[in-house]
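Work through the exercises below with the sequence and the model side by side. Each task is followed by a solution that proceeds step by step.

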Amino acid sequence: MAQALTPEKCSALIIGGSAGSLDVLLEIFPDLKKEINFPIILVTHRKSGNDSLLTDLLQSRTGLKVREAEEKEPVLAGNVYITPADYHLLIEDDKTISLDYSEKINYSRPSIDVTFQSAAEVFKNGLVCILLSGSNADGVEGLKTVNNLGGFVVIQNPNTAIMPYMPQQAVNNVKPHTILDSFEMAEFINKLIR
Amino acid sequence: MISEAINNEQIETLLSDVLEAHGYDFLEYSHASIKRRITRLYTLDNFVSFAEFRYTVKSDKQYFKRFLEEITVNVTEMFRDPSFYKSLRNDVLPVLGTYPFIRIWVAGCSTGEEAYSLAILLKELNLLQKSLIYATDINPSVLEKAKKGLFPLNYLKGYSENYVNSGGIKDFSSYYSANYSLAKFDDSLNEKMIFSTHNLVSDHSFNEFQLILCRNVLIYFDKELQHKVFHLFDNSLDKLGYLALGSKESLDFWPGAKQFKRLKLEKIWRKL
């Protein structure tokens with residue numbers, strides 16, 4: 001069955017990644033158009049402590065507004081929200097952010113599964129999720145939910161990912177709508193602009 | 001599909017039952033988090049239908065104990081966010097030390113890690129003997145754990161690093177004795193602690209404090225409930241008392257915030 005290469009709509013984009021995903025983000029961000037008219041939420045595994053580092057790195061490469069997500073704030077189009085280290089990020093029905101300090105999932109907090117699942121229930125077929133490089137299986141269960149609720153699933157090509165395990169687990173267990181190399185991702189995201 | 005095992009209306013129904021049958025009001029908790037906790041428990045305990053789950057939660061007192069323990073988040077650490085504890089040690093407690101008597105409320109203390117961290121700071125500043133720490137939680141079973149001062153030994157390495165990063169200079173292991181897989185904290189630390197149940201949603205102010213610590217509790221409440229709780233804290237704080245919140249929590253959007261002044265970079269406010 002042929003899969004559509006771009007979704008019909010995008011109300012929100014969530015990018016999840018672990019080891020090896022920073023390189024991809026740094027490659028994507030300079031090429032993102034400032035006309036992006038949906039919120040972008042990043043969930044990446046990292047050590048707590050130097051929270052502003054990732055924000056600063058990405059902000060220096062894009063005209064979009066990059067910030068660390070605050071609890072209860074609404075997710076707004078054209079903004080990039082970074083999940084704070086050591087918190088899970090969930091989306092409420094009114095499209096505001098809830099942070100959660102509950103048990104780690106897949107040895108991870110933030111867990112990509114938690115955000116994918118929670119956002120899938122809210123944005124349903126308007127959700128686009130990209131899973132990047134990483135060395136555990138976080139994100140796989142979340143992508144299943146995204147698929148089931150009509151969202152659009154993108155997985156980084158495991159063959160060219162720095163850490164192939166996470167995207168490979170996803171490819172093995174979830175039917176993605178498309179598999180992309182890192183250099184194709186900015187163009188894909190720009191095509192989501194409606 | 002796991003995540004849709006229980007829908008939004010069923011969550012509302014269940015929480016209304018809980019309020020009616022057990023007197024605990026979770027209706028103003030952040031919806032996404034509580035839904036996730038409830039769905040997780042439902043899946044974990046292998047219920048075959050929502051109706052069965054609902055009936056059990058409503059009528060089985062023993063199961064409700066488990067429900068309460070599992071849907072509230074009881075993840076905590078000693079000296080969590082070392083820079084926060086450094087600020088307590090250097091900026092807040094020395095001021096409180098000039099008072100004849102120090103009353104502290106640790107609201108939502110869970111299994112007690114923060115109350116014990118605070119006791120260690122007070123002890124090192126020679127203030128513990130004139131202090132009282134009221135440690136409260138909605139959940140009686142976590143308070144039973146907190147009273148014992150027993151924490152899993154495998155966490156102590158991380159706690160010890162937090163302690164050092166927060167400016168602690170003693171040998172952290174001098175505060176506890178290892179007993180198989182548990183670390184038993186010194187009884188001198190909880191001599192000045194009073195443990196009691198208190199529900200931030202429905203219970204009132206019960207004393208006046210110079211410091212209230214409530215960290216990573218309010219993130220689970222919706223905005224309206226957060227504001228009610230800030231009001232409760234305001235009523236429970238002495239003039240010039242301190243309110244300390246979690247690293248992602250803020251007084252900023254509460255109308256009463258004008259009466260508080262934030263301290264430097266930490267989530268600590270002083271009542272004016």
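**Exercise 1: A helix on the sheet of chain A**

Task: describe how H4(A) is placed against E7 and E8 of chain A, and at what angle to E7(A) it runs.

Solution. H4(A) lies across E7 and E8 of chain A, and its direction makes about 150° with that of E7(A). Angles run from 0 to 180 degrees between N-to-C directions, with axes fitted as lines to C-alpha atoms, for helices over the stretch in contact. Helices (H or I, at least four residues) and strands (E, at least two) are DSSP runs numbered from the N terminus, and two residues are in contact if their C-beta atoms, placed from the backbone, lie within 7 Å.

Before going on, note that this is a predicted model, in which local features need pLDDT of at least 70 and side-chain atom pairs count only at pLDDT 80 or more, while totals for chains, interfaces and linings use all residues. Residues are numbered from 1 along each chain as its sequence is written, and chains are lettered from A and ligands numbered from 1 in the order in which they are written.

**Exercise 2: The sheet of chain A**

Task: state the order of the 7 strands in the open sheet of chain A, and how they pair.

Solution. The order is E3-E4-E2-E1-E7-E8-E9, with parallel pairing, where two strands pair if DSSP finds at least two bridges between them. At the edges stand strand E3 (65-68) and strand E9 (178-180) of chain A, each of which pairs on one side only. Neighbouring strands of this sheet are turned by 20° against each other on average, direction ignored. For one pair in detail, strand E7 (residues 127-131) of chain A is joined to E8(A) in the parallel sense over 4 bridges, and the bridge partner of Leu131(A) in E8(A) is Ile155(A).

**Exercise 3: A loop residue after E8(A)**

Task: find where Asn157(A) lies, and decide whether Asn157(A) is buried, exposed or partly exposed.

Solution. Asn157(A) lies in the loop between strand E8 (152-156) and helix H5 (165-173) of chain A. Because Asn157(A) has 17 C-beta neighbours inside 10 Å, it counts as partly exposed; the rule calls a residue buried if 20 or more other C-beta atoms, placed from the backbone, lie within 10 Å of its own, exposed if 12 or fewer, and partly exposed in between. Leaving aside residues up to four places away in sequence, Asn157(A) touches Ile179(A), Leu180(A) and Asp181(A). Of these, Ile179(A) is 22 residues from Asn157(A) in sequence and 5.5 Å from it in space, C-alpha to C-alpha.

**Exercise 4: The sheet of chain B**

Task: give the strand order of the open sheet of 7 strands in chain B, and say which strands stand at its edges.

Solution. The order is E6-E2-E1-E7-E8-E10-E9, with mixed pairing. Strand E6 (193-197) and strand E9 (260-262) of chain B are the edge strands, and each has a single partner strand, so one side of each is left without a neighbour in the sheet. The twist averages 20° from one strand to the next. Strand E8 (residues 237-245) and strand E10 (residues 268-271) of chain B run antiparallel and are joined by 3 bridges, and in E10(B) the bridge partner of Ala244(B) is Ile268(B). Helix H5 (residues 82-96) of chain B packs on the sheet, touching strand E1 (102-107), strand E7 (209-214), E8 and E10 of chain B, and its direction makes about 155° with that of E7(B). Helix H10 (residues 223-236) of chain B lies across E1, E7 and E8 of chain B, running at about 140° to E8(B).

**Exercise 5: Unusual backbone angles**

Task: locate Asp86(A) and Asn46(B), and state for each whether it is buried or exposed.

Solution. Most residues other than glycine have a negative phi, and most peptide bonds are trans. Asp86(A), however, has a positive phi near 75°; it lies in the loop between strand E4 (79-82) and E5 of chain A, and it counts as buried because it has 20 C-beta neighbours inside 10 Å. Asn46(B) also has a positive phi, of about 55°; it is found in the loop between helix H2 (31-44) and helix H3 (50-59) of chain B, and with 6 C-beta neighbours inside 10 Å it counts as exposed. The peptide bond from Arg109(A) to Pro110(A) is cis, with omega near 5°, and Pro110(A) lies in the loop between E6 and H3 of chain A.
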